[in-house]
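Hi,

Here is the structure I promised to pass along. Have a look at it first, and then read my notes underneath.

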Amino acid sequence: AEQVVDGEKQNISAGDCFLIDIGMRHGYENVSPDFCVINCLFVPSFLSAVTTDDAAFKELACNVFASVTTNLVPKYLFVSSGSAMELGGFFERMLDEYHGKKTAYLEALQSILKVVLIIMFRSCGDKGQPQIIGDIIEMVKRCSGKKVKIEDLSEAMFFSPSYISRL
(Lines give C-alpha, C1' and ligand atoms only; values in the text may rest on other atoms or scores of the structure.)
Protein backbone atom coordinates (compact mmCIF):
# COMPACT_ATOMS: atom_id res chain seq x y z
CA ALA A 1 0.00 0.00 0.00
CA GLU A 2 0.99 3.63 -0.30
CA GLN A 3 0.35 6.47 2.14
CA VAL A 4 -0.17 9.79 0.35
CA VAL A 5 0.50 12.91 2.41
CA ASP A 6 0.02 16.25 0.65
CA GLY A 7 0.63 14.53 -2.69
CA GLU A 8 3.84 12.80 -1.55
CA LYS A 9 3.68 8.98 -1.73
CA GLN A 10 5.43 6.55 0.58
CA ASN A 11 5.29 2.75 0.48
CA ILE A 12 3.91 1.39 3.73
CA SER A 13 3.51 -2.01 5.33
CA ALA A 14 1.91 -3.55 8.40
CA GLY A 15 2.98 -1.80 11.58
CA ASP A 16 4.03 1.50 10.00
CA CYS A 17 3.07 4.61 11.95
CA PHE A 18 2.63 8.21 10.88
CA LEU A 19 2.21 11.35 12.92
CA ILE A 20 0.51 13.80 10.57
CA ASP A 21 -0.54 17.37 11.24
CA ILE A 22 -4.32 17.58 11.22
CA GLY A 23 -4.24 20.13 8.40
CA MET A 24 -2.37 17.87 5.96
CA ARG A 25 -4.35 15.96 3.34
CA HIS A 26 -3.64 12.26 3.42
CA GLY A 27 -5.00 8.97 2.18
CA TYR A 28 -4.07 5.52 0.90
CA GLU A 29 -3.58 3.98 -2.54
CA ASN A 30 -2.94 0.49 -3.88
CA VAL A 31 -4.36 -1.19 -0.79
CA SER A 32 -5.04 -4.90 -0.44
CA PRO A 33 -8.44 -6.24 0.72
CA ASP A 34 -7.06 -6.99 4.20
CA PHE A 35 -5.60 -3.48 4.63
CA CYS A 36 -6.46 -2.01 8.03
CA VAL A 37 -5.81 1.47 9.42
CA ILE A 38 -6.09 2.69 13.00
CA ASN A 39 -6.52 6.46 13.05
CA CYS A 40 -5.72 8.11 16.36
CA LEU A 41 -6.87 11.72 16.06
CA PHE A 42 -6.20 14.17 18.87
CA VAL A 43 -5.65 17.86 19.44
CA PRO A 44 -2.37 18.76 21.16
CA SER A 45 -4.22 20.13 24.20
CA PHE A 46 -5.44 16.57 24.87
CA LEU A 47 -1.90 15.72 26.03
CA SER A 48 -1.35 18.87 28.10
CA ALA A 49 -2.50 17.23 31.34
CA VAL A 50 0.23 14.58 31.16
CA THR A 51 3.01 16.67 29.58
CA THR A 52 2.73 20.12 31.19
CA ASP A 53 5.60 19.60 33.65
CA ASP A 54 7.49 16.97 31.67
CA ALA A 55 10.67 18.67 30.42
CA ALA A 56 12.14 15.44 29.02
CA PHE A 57 9.06 14.77 26.87
CA LYS A 58 9.05 18.35 25.59
CA GLU A 59 12.74 18.24 24.70
CA LEU A 60 12.34 14.91 22.90
CA ALA A 61 9.33 16.23 20.97
CA CYS A 62 11.09 19.48 20.04
CA ASN A 63 14.12 17.60 18.70
CA VAL A 64 11.93 15.30 16.62
CA PHE A 65 9.73 18.04 15.21
CA ALA A 66 12.76 20.14 14.39
CA SER A 67 14.15 17.15 12.49
CA VAL A 68 11.09 16.75 10.26
CA THR A 69 11.04 20.41 9.25
CA THR A 70 12.43 21.01 5.79
CA ASN A 71 12.33 24.02 3.52
CA LEU A 72 10.52 25.93 6.28
CA VAL A 73 7.48 23.62 5.96
CA PRO A 74 6.76 20.93 8.59
CA LYS A 75 6.48 17.39 7.24
CA TYR A 76 4.98 14.30 8.77
CA LEU A 77 6.78 11.90 11.09
CA PHE A 78 7.09 8.35 9.75
CA VAL A 79 8.15 5.36 11.83
CA SER A 80 8.70 2.15 9.89
CA SER A 81 7.27 -1.18 10.97
CA GLY A 82 10.65 -2.38 12.21
CA SER A 83 10.74 0.39 14.80
CA ALA A 84 7.01 0.59 15.39
CA MET A 85 5.92 -3.04 15.80
CA GLU A 86 5.64 -2.66 19.57
CA LEU A 87 3.09 0.12 19.09
CA GLY A 88 0.30 -2.13 17.82
CA GLY A 89 -0.58 -3.33 21.31
CA PHE A 90 -0.76 0.23 22.58
CA PHE A 91 -3.15 1.25 19.80
CA GLU A 92 -5.33 -1.80 20.53
CA ARG A 93 -5.37 -0.82 24.22
CA MET A 94 -6.39 2.72 23.28
CA LEU A 95 -9.26 1.34 21.19
CA ASP A 96 -10.39 -0.81 24.14
CA GLU A 97 -10.29 2.18 26.49
CA TYR A 98 -12.17 4.37 24.05
CA HIS A 99 -14.91 1.84 23.31
CA GLY A 100 -15.24 0.72 26.96
CA LYS A 101 -15.44 4.29 28.33
CA LYS A 102 -14.82 3.10 31.88
CA THR A 103 -14.10 5.52 34.71
CA ALA A 104 -11.02 7.68 33.94
CA TYR A 105 -10.76 6.34 30.37
CA LEU A 106 -9.67 9.77 29.06
CA GLU A 107 -6.78 9.84 31.54
CA ALA A 108 -5.82 6.32 30.44
CA LEU A 109 -5.94 7.41 26.77
CA GLN A 110 -3.73 10.42 27.52
CA SER A 111 -1.14 8.28 29.25
CA ILE A 112 -1.08 5.58 26.58
CA LEU A 113 -0.83 8.22 23.84
CA LYS A 114 2.13 9.79 25.63
CA VAL A 115 3.88 6.39 25.70
CA VAL A 116 3.13 5.87 21.98
CA LEU A 117 4.60 9.27 21.13
CA ILE A 118 7.71 8.65 23.24
CA ILE A 119 8.32 5.33 21.46
CA MET A 120 7.81 7.00 18.07
CA PHE A 121 10.13 9.87 19.00
CA ARG A 122 12.82 7.50 20.28
CA SER A 123 12.72 5.49 17.07
CA CYS A 124 13.79 8.58 15.15
CA GLY A 125 17.27 7.82 16.43
CA ASP A 126 20.16 9.53 18.12
CA LYS A 127 22.94 10.57 15.80
CA GLY A 128 25.41 11.28 18.62
CA GLN A 129 24.81 15.01 18.48
CA PRO A 130 21.85 17.18 19.33
CA GLN A 131 19.31 16.52 16.57
CA ILE A 132 18.95 20.20 15.82
CA ILE A 133 22.61 20.52 14.79
CA GLY A 134 22.26 17.81 12.17
CA ASP A 135 19.02 19.37 11.00
CA ILE A 136 20.63 22.80 10.64
CA ILE A 137 23.50 21.27 8.65
CA GLU A 138 21.01 19.51 6.35
CA MET A 139 18.99 22.69 5.84
CA VAL A 140 22.11 24.70 5.00
CA LYS A 141 23.22 22.01 2.51
CA ARG A 142 19.80 22.09 0.80
CA CYS A 143 20.07 25.86 0.45
CA SER A 144 23.50 25.72 -1.23
CA GLY A 145 24.20 28.84 -3.17
CA LYS A 146 21.55 30.80 -1.29
CA LYS A 147 22.04 33.15 1.64
CA VAL A 148 20.73 31.48 4.83
CA LYS A 149 19.82 33.76 7.72
CA ILE A 150 19.74 32.72 11.37
CA GLU A 151 16.20 34.09 11.52
CA ASP A 152 15.11 31.65 8.77
CA LEU A 153 16.79 28.73 10.55
CA SER A 154 15.27 29.65 13.90
CA GLU A 155 11.80 29.95 12.40
CA ALA A 156 12.13 26.60 10.64
CA MET A 157 13.50 24.86 13.74
CA PHE A 158 11.09 26.51 16.21
CA PHE A 159 13.95 27.89 18.32
CA SER A 160 14.97 31.48 18.98
CA PRO A 161 17.69 33.11 16.84
CA SER A 162 19.72 33.55 20.04
CA TYR A 163 19.62 29.80 20.75
CA ILE A 164 20.50 28.85 17.16
CA SER A 165 23.46 31.25 17.14
CA ARG A 166 24.91 29.60 20.29
CA LEU A 167 24.93 26.10 18.77
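Below is what turned up, starting with the strands and moving on to the charged pairs.

One thing to keep in mind: this is a predicted model.

Start at strand β1, residues 2–5. β1 pairs with two other strands. With β2 (residues 8–11) the pairing is antiparallel, over four bridges, and β4 (residues 26–29) also runs antiparallel to β1, again joined by four bridges. If you want to follow the register, Glu-2 sits opposite Asn-11 in β2. Gln-3 is a handy residue to click on: its bridge partner in β2 is Gln-10, and in β4 it faces Tyr-28. β1 is covered on both faces, with Glu-2 and Val-4 buried on one side and Gln-3 and Val-5 buried on the other. The β1–β2 hairpin has two residues between its strands, and Asp-6 there takes a positive phi near 45°.

Tyr-28 comes up again on the surface, where it forms a nonpolar patch with Val-31 and Val-37; together they have about 210 Å² of accessible area. Val-31 belongs to the loop between β4 and α1, and it counts as partly exposed because its relative accessibility is 42%.

Now the salt bridges. The count is three.

- Glu-29 and Lys-9 meet through their side chains at 2.9 Å, N to O. This pair links distant parts of the chain, with Glu-29 in β4 and Lys-9 in β2, 20 residues apart. Glu-29 is partly exposed, at 31% relative accessible area.
- Lys-114 and Asp-54 have their closest N and O atoms 2.5 Å apart. Here too distant parts of the chain are linked: Lys-114 is in helix α5 (residues 105–123) and Asp-54 is in the loop between α1 and α2, 60 residues apart. Both residues are buried.
- Arg-93 and Glu-97 meet at 2.6 Å, N to O. They are about one helical turn from each other, because they lie four residues apart in helix α4 (residues 87–100). Arg-93 is partly exposed at 42% relative accessible area, whereas Glu-97 is buried at 13%.

Last, the rings. How many aromatic pairs does a search of the whole structure find? Just one. There is also a charge over a ring: Lys-101 lies over the face of Tyr-98, 3.6 Å from the ring centre.

Cheers

Notes. Residues are numbered from 1 along each chain as its sequence is written. This is a predicted model: local features need pLDDT of at least 70, side-chain atom pairs count only at pLDDT 80 or more; totals for chains, interfaces and linings use all residues. Side-chain values use heavy atoms; hydrogens and water are left out. Rings of Phe, Tyr and Trp (its six-membered ring) pair if their centres lie within 6.5 Å; planes under 30 degrees apart count as stacked, over 60 as edge-to-face and the rest as tilted. A charge sits over a ring if NZ of Lys or CZ of Arg is within 6 Å of the ring centre and within 35 degrees of the ring normal. Buried means under 20% relative accessible area, exposed over 50%, partly exposed in between (1.4 Å probe, protein chains only). Two strands pair if DSSP finds at least two bridges between them. Patches are made of residues with over 30% relative accessible area and no salt bridge: like charges are joined within 9 Å, nonpolar side chains (Val, Leu, Ile, Met, Phe, Trp, Tyr) within 5 Å. Accessible areas come from the Shrake-Rupley method with a 1.4 Å probe; for residues, only the protein chains shown count as cover. A salt bridge is a side-chain nitrogen of Lys or Arg within 4 Å of a carboxyl oxygen of Asp or Glu.
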